[in-house]
Amino acid sequence: MRNTGQCPKCGCGVILLIQTVASVGEGLYAAQLAVVASAEFGVRAAGDLAAYCCRGCGYVEHYVRDPATVTVDGQRVVELVRPPRAPYR
Ligand SMILES: [Zn+2]
């Protein structure tokens, strides 16, 4: 939806951009991607979330605002990189 401006589920072309996703717990706070750091250190925040919501059906996509800041440790956060395509013959 972010790139196409169209809902992949229902085809609606009206999308709501939620600049800061909020969560309600004890108080109101900005929702974050949470990563389990370890059993000892618990959960740590890894990035503020933005959301795109289809006005027609309510389908939602979440995005980390600054994915470059998410720490890759190879265990709990693994970076998957698609190999380059072989040259077309
Ligand atoms: Zn939709």
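**Exercise 1. The zinc site**

Task: Determine which geometry the 4 donor atoms give the site of the zinc ion.

Solution. Step 1: In this predicted model, the angles among the 4 donor atoms of the zinc ion run from 103 to 114°. Step 2: Four donors count as tetrahedral if all angles lie between 85 and 135 degrees. Step 3: The site of the zinc ion is therefore tetrahedral.

Task: Name the atoms that coordinate the zinc ion, and describe their spacing along the chain.

Solution. Step 1: The zinc ion is held by the SG atoms of Cys7, Cys10, Cys54 and Cys57. Step 2: The coordination distances are 2.3 to 2.4 Å. Step 3: Along the chain, the donors follow the spacing C-x2-C-x43-C-x2-C. Step 4: Cys7 sits in the segment before β1 (15–18), while Cys54 belongs to strand β5 (residues 42–54). Step 5: These two cysteines are 47 residues apart, and the pair links distant parts of the chain.

Task: Decide whether Cys7 and Cys54 are buried or exposed.

Solution. Step 1: Buried means under 20% relative accessible area. Step 2: Cys7 has a relative accessibility of 3%, so Cys7 counts as buried. Step 3: Cys54 has 2%, so Cys54 counts as buried too.

**Exercise 2. The chain as a whole**

Task: Give the secondary structure of the protein chain and the order of its elements.

Solution. Step 1: The protein chain has 0 helices and 6 strands. Step 2: Read from the N terminus, the order is β-β-β-β-β-β.

Task: Compare the radius of gyration of the protein chain with that of a compact globule of 89 residues.

Solution. Step 1: A compact globule of 89 residues would have a radius of gyration near 12 Å. Step 2: The protein chain has 17 Å instead. Step 3: The C-alpha trace spans about 50 × 45 × 20 Å along its principal axes.

Task: State what share of the residues is buried, and what share of the accessible surface belongs to carbon and sulfur atoms.

Solution. Step 1: Of the 89 residues, 21% count as buried. Step 2: The accessible surface of the protein chain is about 7,000 Å². Step 3: Carbon and sulfur atoms account for 53% of that surface.

**Exercise 3. The aromatic pair**

Task: Classify the aromatic pair of the structure and locate its two residues.

Solution. Step 1: The structure holds 1 aromatic pair. Step 2: The ring centres of Tyr52 and Tyr63 are 5.6 Å apart, and their planes stand at 85°. Step 3: Planes over 60 degrees apart count as edge-to-face, so the pair of Tyr52 and Tyr63 is edge-to-face. Step 4: Tyr52 lies in strand β5 and Tyr63 in strand β6 (residues 60–64), so the pair ties together parts that are 11 residues apart in sequence. Step 5: With 16% relative accessibility, Tyr52 counts as buried, whereas Tyr63, at 23%, counts as partly exposed.

**Exercise 4. Two single residues**

Task: Place Ala45 and list the residues it touches, not counting those up to four places away in sequence.

Solution. Step 1: Ala45 is part of strand β5. Step 2: With residues up to four places away in sequence left out, Ala45 touches Gln32 and Leu33. Step 3: From Ala45 to Ala31 the C-alpha distance is 9.1 Å, and the two are 14 residues apart in sequence.

Task: Do the same for Arg76, and state its accessibility.

Solution. Step 1: Arg76 is found in the segment after β6. Step 2: Its relative accessible area is 43%, so Arg76 is partly exposed. Step 3: Not counting residues up to four places away in sequence, Arg76 touches Val35, Val36, Ala37 and Ser38.

How values were computed. Residues are numbered from 1 along each chain as its sequence is written. This is a predicted model: local features need pLDDT of at least 70, side-chain atom pairs count only at pLDDT 80 or more; totals for chains, interfaces and linings use all residues. Side-chain values use heavy atoms; hydrogens and water are left out. Donors are N, O and S atoms within 2.8 Å of the metal (3.2 Å for Na, K and Ca); water is not among the atoms, so sites may look incomplete. Four donors count as tetrahedral if all angles lie between 85 and 135 degrees; four count as square planar and six as octahedral if opposite donors are over 155 degrees apart and all others between 65 and 115; anything else is irregular. Buried means under 20% relative accessible area, exposed over 50%, partly exposed in between (1.4 Å probe, protein chains only). The radius of gyration is taken over C-alpha atoms; the globule rule is 2.2 Å times the number of residues to the power 0.38. Accessible areas come from the Shrake-Rupley method with a 1.4 Å probe; for residues, only the protein chains shown count as cover. Rings of Phe, Tyr and Trp (its six-membered ring) pair if their centres lie within 6.5 Å; planes under 30 degrees apart count as stacked, over 60 as edge-to-face and the rest as tilted. Contact means heavy atoms within 4.5 Å.
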